[in-house]
Amino acid sequence: MEIFLYSHLRGVLPRKLRKHNDQIAFAFDIDGVLIRSKTVLPGAKESLEFLQRNGIPFIFLTNNGGATEKDHVALLGKRLGLTSLSEHQFVQSHSPFKNLVPSLGNKNILVLGGVGNKIREVANSYGFKHVLTSSDIYKADPTAYPQVEITTDYHLKHGGSGNILLGPDGKVKFSAVLVWSSPRDWGLDLQVIMDLLLSEKGHLGTRSPMNGDAKLPNQGYLQDEQPAVHFSNPDLTYATSHPNPRAAQGSFRAALEGLWSATTGGAKLLNCKTVGKPTQETYIFGEKTLMEWEKRMNGEDGKIRTVYMVGDNPSSDIQGANNFTSRHGTEWKSILVESGVHVAGAEPAHKPDAVMETVAEAVEWALWDAKLSDLEHIRETPATSESV
């Protein structure tokens with residue numbers, strides 16, 4: 001695979017395109033591409049404004065979450081100083097959870113992540129009617145996890161407001177666990193998940209008699225209608241204002257896997273599913289969102305031939321775009337920027353089509369690659385090209 005490393009791009013977008021665009025679109029990661037922590041990165045606003053002026057469709061494809069798409073895009077627009085962004089352009093890590101509403105919308109689910117009751121509110125907005133949090137469980141039974149001295153007041157304040165669905169026997173059955181963003185109280189949340197995975201038919205406070213039965217598949221573990229666990233972000237780390245990457249939701253899953261293995265003697269953690277980049281499910285959802293957004297822009301189904309995925313994480317943005325098989329015959333190309341997780345000069349684990357310093361340079365290169373811009377200044381000094 002050939003990687004293009006253009007050291008002479010200036011991040012200066014052309015005043016006009018060589019021809020009208022009806023073929024390309026963009027998908028942008030946010031953290032480390034447009035914004036780092038709360039700081040807008042150079043060229044971010046200008047790049048999006050350029051695409052808007054020229055009618056080039058784009059979406060945001062992020063592994064962030066914790067709010068509704070409407071609230072999140074409003075916050076992004078405020079930080080960027082753009083008022084024309086739409087929730088219909090926004091795909092978060094947990095946006096594909098909308099696909100679970102038909103099967104789980106009328107059942108009890110446990111939701112984890114976020115602050116206060118925000119995740120409960122997001123889940124309700126998606127269509128989940130019976131949403132409980134680990135704070136609800138702790139408030140109802142403080143013995144569920146005794147080591148919460150530091151966070152007791154928080155759980156007592158925010159717990160107890162879930163709309164619980166009782167079964168005919170008066171019991172509470174959990175049908176799924178959905179992790180919407182990085183959990184805040186790992187000890188409590190890990191304990192509650194473990195309790196449900198070891199339970200009898202998803203009833204909290206019980207233990208399945210099948211656990212540890214060597215005559216059964218998987219030593220009897222997860223053979224008794226326990227709830228599936230759905231994660232929304234496989235990223236181990238993400239970029240913040242700290243000089244080094246910080247732990248993300250993928251680290252929480254790794255902790256659960258280690259605890260599960262140690263507890264069960266190595267049984268498989270079945271019924272554990274993940275969406276978010278780089279999964280196919282998220283890119284399918286993202287492409288569908290992009291096609292629908294282009295139709296909103298143009299009033300009819302378009303003919304997008306190439307989507308440029310711009311991201312800072314080789315294991316998330318780049319891997320996902322490289323591995324994605326479009327349902328619409330669209331080619332996805334990946335552009336790695338050096339303004340976030342990826343360290344300049346390091347060998348990326350997954351090879352992008354191009355490596356750029358900033359998002360403006362990424363857009364500039366994509367326009368050249370799509371033959372929509374000449375980039376005369378590149379011709380003056382030969383670009384660097386690597387074959388891998």
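## Around the pockets and into the core

Helix H5 (134–140) and helix H7 (186–197) each put at least two residues into the lining of the second largest pocket. Let's start the tour there, keeping in mind that this is a predicted model. H5 is the biggest contributor to that lining, with three residues. The second largest pocket has a volume of about 300 Å³, and 17 residues line it, with Ile 137, Ala 140, Asp 141, Phe 174 and Leu 204 closest to its centre. Sort that lining by class and you get nine nonpolar, four polar and four charged residues.

Before going further, a word on confidence. The protein chain averages a pLDDT of 89, and 90% of the residues score at least 70. The stretch to treat with care is residues 377–388, where the pLDDT is below 50; even so, in the model this stretch has 26 contacts beyond near neighbours in sequence.

Now step back to Thr 133, which sits in strand S8 (residues 130–133). Thr 133 has a relative accessible area of 9%, so it counts as buried. Setting aside neighbours within four places in sequence, the contacts of Thr 133 are Leu 110, Val 111 and Arg 120.

On to the largest pocket, with a volume of about 940 Å³. Its lining takes in 40 residues, and those nearest the centre are Asp 31, Asn 64, Gly 65, His 72 and Tyr 238. Which elements give two or more residues to this lining? They are helix H2 (69–80), strand S11 (237–238) and helix H10 (314–323). H2 has the largest share, five residues. By class, the lining of the largest pocket splits into 13 nonpolar, 16 polar and 11 charged residues.

H10 deserves a closer look. At its N-terminal end, Asn 313 acts as a cap, with a side-chain oxygen 3.0 Å from the backbone nitrogen of Ser 315. Further in, the buried residues of H10 are Pro 314, Ser 316, Asp 317, Ile 318, Gly 320 and Ala 321. And what do these buried residues pack against? Their partners are helix H9 (280–298), strand S14 (306–311) and strand S15 (331–337). So H10 is a helix to look at from two sides: it gives residues to the lining of the largest pocket, and its buried residues pack against a helix and two strands.

Next, find Gln 249 in helix H8 (residues 249–264). Is Gln 249 buried or exposed? Its relative accessibility is 1%, under the 20% cut-off, so Gln 249 counts as buried. A polar atom of the Gln 249 side chain lies 3.3 Å from the backbone nitrogen of Asn 233. Asn 233 is also one of the residues that Gln 249 touches, once residues up to four places away in sequence are left out. The others on that list are Val 179, Trp 180, Ser 181, Ser 182, Phe 231, Ser 232 and Asp 235.

Last stop: Ser 47, in helix H1 (residues 44–53). Here the relative accessibility is 0%, which means that Ser 47 is buried. Ser 47 also shows how the fold brings distant parts of the chain together: Val 363 is 316 residues away along the chain, yet the C-alpha atoms of Ser 47 and Val 363 are separated by 6.9 Å.

Technical notes: Residues are numbered from 1 along each chain as its sequence is written. This is a predicted model: local features need pLDDT of at least 70, side-chain atom pairs count only at pLDDT 80 or more; totals for chains, interfaces and linings use all residues. Side-chain values use heavy atoms; hydrogens and water are left out. pLDDT is the predictor's confidence in each residue, from 0 to 100. Contact means heavy atoms within 4.5 Å. Helices (H or I, at least four residues) and strands (E, at least two) are DSSP runs, numbered from the N terminus. Buried means under 20% relative accessible area, exposed over 50%, partly exposed in between (1.4 Å probe, protein chains only). A polar contact is a pair of N or O atoms within 3.5 Å; within protein, one must be able to donate a hydrogen and the other to accept it, and residues adjacent in sequence count only if both atoms are side-chain atoms. On a 1 Å grid over the protein atoms alone, a cavity is a set of points where a 1.4 Å probe fits but cannot get out, and a pocket is an open set with protein on both sides within 12 Å along at least five of seven lines; lining residues have an atom within 4 Å of a point. Grid points are joined across faces, edges and corners, and a volume is the space filled by probe spheres set on the points. Ala, Val, Leu, Ile, Met, Phe, Trp, Tyr, Cys and Pro count as nonpolar, Asp, Glu, Lys and Arg as charged, and the others, Gly among them, as polar.
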